[in-house]
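Please open the model in your viewer and keep the selection tool at hand, as this tour goes from one selection to the next and says what is there at each stop.

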Amino acid sequence: MSLKNLIASVTLATVTTFATGALADDKSTVTTFYDLLSNPGTQEQITAFQAATTEDWVSMGDYTGANKSREAFLGQMGGFAQLIPDLNWAIQDIHQDGNTFVVRSRATGTPVAPFFGVDGQGRSFDIMTIDIHELEDGKIARTYHVEDWSTALQQLAGK
């Protein structure tokens, strides 16, 4: 093997190892978001979420401009912890394109009080969610999301 080929092989191996490690770290960062959703009342998950997101992280669920800051989102999740103690947000599939991750997940839970005005009387919901996370410098900077809350409300209403 020539010196030129040896240097090229070592460089390729180093780049491949670095890229693979970076991708694994980014995926782990994204999964931290779902760990919080499934355990919204635990300080451990709150701390991990804060470490995985930028200080100016924003959650965008529609085009009204009423985006949630990290603090507002954590407040909402604290409310969910009380309202839906068995909330589970399971990742079904993750696709990555550079610093962008698209996640299809399944949210399930049984509210213990009226949810969006619907008294589920002990019923549970099981819905699909889609999120797009944009990372900057290894942290989630923005999350765009859609949840099928209309199906959840139908399920809770017994329809």
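In which strand is the place of Thr143? Select Thr143 and you will be in strand S6 of a model that is predicted. Thr143 has a relative accessible area of 1%, under the 20% cut-off, and is therefore buried. To see what surrounds it, show Phe33, Trp57, Val58, Ser59, Met60, Asp131, Ile132 and His133, which Thr143 touches when residues up to four places away in sequence are not counted.

Before going further, colour the chain by pLDDT. The mean pLDDT of the chain is 88, and 85% of its residues reach 70 or more. Now select residues 5-22, where the pLDDT is below 50 and where the stretch has two contacts in the model beyond near neighbours in sequence. Where pLDDT is low, the predicted coordinates should not be read in detail.

**Aromatic pairs**

Next, display the aromatic side chains, among which a search of the whole structure finds 15 aromatic pairs. Begin with Phe49 and Phe73, whose ring centres lie 5.5 Å apart with the planes at 35°, so that the pair is tilted. This pair links distant parts of the chain, for Phe49 belongs to helix H2 (residues 43-52) and Phe73 to helix H3 (residues 70-83), 24 residues apart. Phe49 is buried, with a relative accessible area of 1%, and Phe73 also counts as buried, at 6% relative accessibility.

Move on to Phe115 and Trp149, where the ring centres are 5.4 Å apart and the planes stand at 65°, so the pair is edge-to-face. Here too distant parts of the chain are linked: Phe115 sits in the loop between strand S4 (100-109) and strand S5 (125-136), while Trp149 is in helix H4 (residues 149-157), 34 residues apart. Phe115 is buried, with a relative accessible area of 2%, and Trp149, at 17% relative accessibility, counts as buried as well.

Keep these two selected and add Phe80, Trp89, Phe116 and Phe125, since Phe80, Trp89, Phe115, Phe116, Phe125 and Trp149 form one aromatic cluster. Within this cluster, pause at Phe116, which lies in the loop between S4 and S5 and is exposed, with a relative accessible area of 55%. Phi of Phe116 is near 50°, a positive value in a residue other than glycine. Most residues other than glycine have a negative phi. A further stop of this kind is Asp137, in the loop between S5 and S6, where phi is again positive and near 50°. Asp137 counts as exposed, at 83% relative accessibility.

**Along helix H3**

Which residues does Leu83 touch, not counting residues up to four places away in sequence? Select Leu83 in helix H3, and then show Thr110, Pro111, Val112, Ala113, Pro114 and Phe115, which are the residues it touches on that count. Leu83 and Pro114 are 31 residues apart in sequence, and their C-alpha atoms are 8.4 Å apart in space. With a relative accessible area of 19%, Leu83 is buried. In the same helix view, select Gly75, which is found in H3 and is partly exposed, with a relative accessible area of 48%. A line drawn from the C-alpha atom of Gly75 to that of Pro40, 35 residues away along the chain, spans 9.5 Å.

**The pockets**

Switch to a surface view and turn to the largest pocket, which has a volume of about 290 Å³. Of the 19 residues that line it, Ser59, Lys68, Gln76, His145 and Glu147 are the closest to its centre. Helix H1 (3-38), H3 and strand S6 (139-147) are the elements that give two or more residues to this lining, and H3 gives the most, with four residues. By residue kind, the lining of the largest pocket divides into nine nonpolar, six polar and four charged.

For the last stop, find the second largest pocket, with a volume of about 170 Å³. Its lining includes Met60, Gly61, Asp62, Tyr63, Ile130, Asp131, Tyr144 and His145, and the elements that give two or more residues to it are S5 and S6. The lining of the second largest pocket divides into six nonpolar, four polar and two charged residues.

Key: Residues are numbered from 1 along each chain as its sequence is written. This is a predicted model: local features need pLDDT of at least 70, side-chain atom pairs count only at pLDDT 80 or more; totals for chains, interfaces and linings use all residues. Side-chain values use heavy atoms; hydrogens and water are left out. Rings of Phe, Tyr and Trp (its six-membered ring) pair if their centres lie within 6.5 Å; planes under 30 degrees apart count as stacked, over 60 as edge-to-face and the rest as tilted. Buried means under 20% relative accessible area, exposed over 50%, partly exposed in between (1.4 Å probe, protein chains only). On a 1 Å grid over the protein atoms alone, a cavity is a set of points where a 1.4 Å probe fits but cannot get out, and a pocket is an open set with protein on both sides within 12 Å along at least five of seven lines; lining residues have an atom within 4 Å of a point. Grid points are joined across faces, edges and corners, and a volume is the space filled by probe spheres set on the points. Ala, Val, Leu, Ile, Met, Phe, Trp, Tyr, Cys and Pro count as nonpolar, Asp, Glu, Lys and Arg as charged, and the others, Gly among them, as polar. pLDDT is the predictor's confidence in each residue, from 0 to 100. Contact means heavy atoms within 4.5 Å.
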